Every structure is written in C-alpha cells, then in structure tokens.
Amino acid sequence: MRRLVYLVAVTLDGFIAGPEGGDPSGSDAFPVTPDLVEHLVSTYPETLPGPARAAMGIEGPGRHFDTVVEGRASYELGLAVGLDDAYPHLRHLVVSSSLAGRTDLPVEVVPGDPVGRVRELKAEEGLDIWLVGGGTLAHALLPEIDRLVLKVNPTVLGAGIPLLAGPETHARFTPVDQVDLAGGVRVVTLDRVR
C-alpha cells in the first residue's frame, strides 16, 4: 500500500512558515543552502518545482513520489509566481472548497473529505504520496500520515503556521533516519507507530 509522506521544512519550534504565511523558502528562518539543494536533488528530486527541475536538467519519474497533495494556501504560492501546476511531473491534487468546480486548472481539485480521497489514493498502485502542506491540511490528514520527513532548520520563529494546525491530537512516530547537512539543516525521517 502507498504511504502518505509529509515532507516539509520546519523550525526548531515547529513552524512551517511565519505568522504572515507565504513561501518561507530562502528566508532567514528557512535558508536554501547548496547542501540542502544537493540533498533534495539526490534524494527527493520530484519535490523540486518544474521550473527548478528544468533548469537543473532533472527528468524522469520520481524516486519516492508520483502524487502530490497540498492545501489551497500552499497551492496559491505557485499561482503567485505564475505556476498553475508547480509539479507537472507529478499527479497533483489541491484540497480546496473555494476552488471547487474549477475546470480550467491543470490539477485535481478535492473540494471536501481529504481523508477519504487520500485513502482512495493509498489503495491505488503507485509510488508514495507527498503531502506538501499546509499545517491545517496536515492536521486533517494526520490519521493517514505514515511518514514524516522533516527538514529541521536551526531556527526559532516563536509564532507562525504550525506543522499541524488544529485542535490537540495525538500520534506517535519513531525515528528511522537522520541526515545532518553542513548548512545546519537536519533531515529527520520518522515512521508512524501503529
């Protein structure tokens, strides 16, 4: 069965973006260092947006993922820079009630019940499913998250969008891998304890 993998950058205090939201990549809290890019290219090349893949000459199918799921706010980060499909090399789903009925987008819009849709995806043949974020969608999908891959930045924000944004809930994960990059990011992989 396919796994749902939440692969995301996070601060030491558990935030995936600052209070204002937006794309935190490249900010002081979430620097994109050459060693981080090298790690992503060698390990998770399918997580790079289409234009970055093209610029780096990366082609072919994903190593880990063939499907990406994200919430509306995350999707709008791509729209803001003119990308209506930041991941054209993956099957791309956007969970959004406000985009329901849009047929002009090159992505599949999931207007409701993200848990049900992810369960359907997991039952299909294929590679794992990448959950981009954001925090609210990740909280809703927590029962279905099988693996966390956290790019832990050595920074503290104090406030912002949490890794899981919602009411108190409990799940247990166990560490299975850690890669310490020279630029300070720790890539920590944890599998769900069922």
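# Exercises on burial, sheet and pockets

Histidine 39 has a relative accessible area of 12% and is therefore buried. Three classes are used here: buried stands for under 20% relative accessible area, exposed for over 50%, and partly exposed for values in between, with a 1.4 Å probe and protein chains only. The structure is a predicted model, in which local features need pLDDT of at least 70, side-chain atom pairs count only at pLDDT 80 or more, and totals for chains, interfaces and linings use all residues. Residues are numbered from 1 along each chain as its sequence is written, and side-chain values use heavy atoms, with hydrogens and water left out.

**Exercise 1. State where histidine 39 and valine 41 lie, and list the residues that each touches.**

Step 1. Helices (H or I, at least four residues) and strands (E, at least two) are DSSP runs, numbered from the N terminus. Histidine 39 belongs to helix H1, residues 34-43, and valine 41 also has its place in helix H1.

Step 2. Contact requires heavy atoms within 4.5 Å. Leaving aside residues up to four places away in sequence, histidine 39 touches Tyr44, Val179, Leu181 and Val187. With the same exclusion, valine 41 touches Leu48, Met56, Ile58 and Arg63.

Step 3. Valine 41 counts as partly exposed because its relative accessibility is 25%. Its C-alpha atom is separated by 28 Å from that of threonine 136, 95 residues apart along the chain.

**Exercise 2. Give the strand order of the open sheet and identify its edge strands.**

Step 1. Two strands pair if DSSP finds at least two bridges between them. The open sheet has 8 strands in the order S5-S4-S3-S6-S1-S7-S10-S9, and the pairing is mixed.

Step 2. Strand S5 (108-110) and strand S9 (173-180) are the edge strands, each pairing on one side only. Neighbouring strands are turned by 25° against each other on average, direction ignored. For such angles, axes are lines fitted to C-alpha atoms, for helices over the stretch in contact, and the angles run from 0 to 180 degrees between N-to-C directions.

Step 3. S1 pairs with S7 in the parallel sense over 8 bridges, and with S6 in the parallel sense over 3 bridges. Valine 5 stands opposite arginine 147 in S7, threonine 11 has asparagine 153 in S7 as its bridge partner, and tyrosine 6 stands opposite leucine 131 in S6.

Step 4. S1 is largely enclosed by the rest of the structure, because 7 of its 8 residues are buried.

**Exercise 3. Which members of the largest nonpolar core touch the most other members?**

Step 1. A nonpolar core is a set of buried Ala, Val, Leu, Ile, Met, Phe, Trp, Tyr and Cys residues joined through side-chain atoms within 4.5 Å. The largest has 26 residues, and Tyr6, Val69, Leu131, Ile145 and Leu150 touch the most other members.

Step 2. Among the elements that give two or more residues to this core are strand S1 (4-11), helix H4 (114-123), strand S6 (128-133) and strand S7 (145-153). A second, separate core of 18 residues includes Leu48, Phe65, Val68 and Trp130.

Step 3. H4 is mostly covered, with 7 of its 10 residues buried. Val118 and Leu121 are among the buried residues of H4.

**Exercise 4. Report the volume of the largest pocket and of the largest cavity, and describe what lines them.**

Step 1. On a 1 Å grid over the protein atoms alone, a cavity is a set of points where a 1.4 Å probe fits but cannot get out; a pocket is an open set with protein on both sides within 12 Å along at least five of seven lines; lining residues have an atom within 4 Å of a point. Grid points are joined across faces, edges and corners, and a volume is the space filled by probe spheres set on the points.

Step 2. The largest pocket holds about 1200 Å³ of space. Its lining has 46 residues, of which Asp23, Pro24, Ser25, Leu77 and Val132 lie nearest its centre.

Step 3. H3 gives the most to this lining, with 6 residues. Helix H3 (residues 72-80) lies across strand S3 (65-71), S4 and S6, running at about 105° to S3. Leucine 79 lies in helix H3 and is partly exposed, with a relative accessible area of 35%.

Step 4. There are 2 cavities of 30 Å³ or more, and the largest holds about 40 Å³. The residues lining the largest cavity are Arg3, Val5, Tyr44, His64, Phe65, Asp128, Arg147 and Val149.
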